[in-house]
Amino acid sequence: MDFIDSLKQLSARVAQMKDSIQTEEATKNAFVLPFLRSLGYDVFDPTEVVPEMICDVGMKKGEKIDYAIMIAGEPLMLVECKHWRENLDKHSGQLFRYFGASKAKIGILTNGIKYRFYTDIDELNKMDEFPFLELDLEKISLQVVEAVKKFAKEGFSLDGILESASRLKYASDIERSLKQELLNPEPDFVRMLAKKTYKGIISPQLLEKFTSLVKTAASRIVDNEIALRLNSAMP
């Protein structure tokens, strides 16, 4: 079965089963372990996928990561799991601590539906604040799927992943900044756009008018993008 087909199958499983999943442990068994299997890892081999690996953090002893994926005998990927209803924004700090206490180069935070991939591009051995990649099984993107395939056991290349991660991270940072700029445009940004259509002096009154126009244009772009994605998803 192709990787994309296995993810589509898992996506259908999520839609069918999630409302009956009541615990974090059930989330792991129903969603997370099948995802790791789709990447080619033997979840029943404790030398390959280590459950509850100890990641002592400072004075805290006995801290455990849900899963550590071993590559060439080293725990290079850590997987921290939450219940599928959990908002992952509240839990990156826990993975951050485990990441710094291990030799891992990849951290994965998941609720079984969304998978956020982190590394240490900004500062060595310190997990970045933002993920460089996110997979959402309820909104599968072919572009994201191609990036996630790099984490598969077959053909695994840490150097290749980190090189790709760097590009993805900076692209994500730029996208995040652009979204913020469009939602709440700074005066200099508005002036730059205004000068492309208006040749006169940008007075405070005109600046206010163009700020409103930029927000309206941004809203149209977002609405059109959503409409295109919905149309492409229809059979």
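Here are a few questions and answers about helix 2 and some salt bridges in this predicted model.

Reader: Where does helix 2 bend?

Author: Let's start with its length: helix 2 covers residues 24-38 and reaches 20 Å from its first C-alpha to its last, close to the 21 Å expected. Still, there's a bend of about 35°, and a proline, P34, follows within four residues of the bend. The spot you're after is V32.

Reader: Which residue with a positive phi follows helix 2?

Author: Helix 2 runs over residues 24-38, so look just past that stretch. The phi there is near 95°, and the residue is G40.

Reader: Is K28 buried or exposed?

Author: K28 sits in helix 2, and its salt-bridge partner E52 is in strand 1, so the pair ties together parts that are 24 residues apart in sequence. The closest N and O atoms of that pair are 3.9 Å apart. E52 counts as partly exposed at 40% relative accessibility. For K28 the relative accessible area is 5%, and buried means under 20%, so K28 is buried.

Reader: Which residue forms a salt bridge with E138?

Author: E138 lies in the loop between strand 6 and helix 4, and its partner is 120 residues away, in the loop between helix 1 and helix 2. E138 is partly exposed, with a relative accessible area of 44%, while the partner counts as buried at 19%. The closest N and O atoms are 2.7 Å apart, and the partner is K18.

Reader: How many salt bridges are there?

Author: One more pair is K126 with E123, at 3.8 Å from N to O. Some salt bridges share partners, joining E24, E25, K28, E52 and D66 into one network. The count comes to 18.

Methods
Residues numbered from 1 in each chain as written. Predicted model: local features only at pLDDT ≥ 70, side-chain atom pairs only at ≥ 80, totals over all residues. Heavy atoms only, no water. Helix = DSSP H or I, 4+ residues; strand = E, 2+ residues; numbered from the N terminus. Expected span 1.5 Å × (residues − 1). Bend = angle between axes of the 7 residues up to and from the residue. Salt bridge = Lys/Arg side-chain N within 4 Å of Asp/Glu carboxyl O. Buried < 20%, exposed > 50% of the residue type's maximum accessible area, 1.4 Å probe, protein only.
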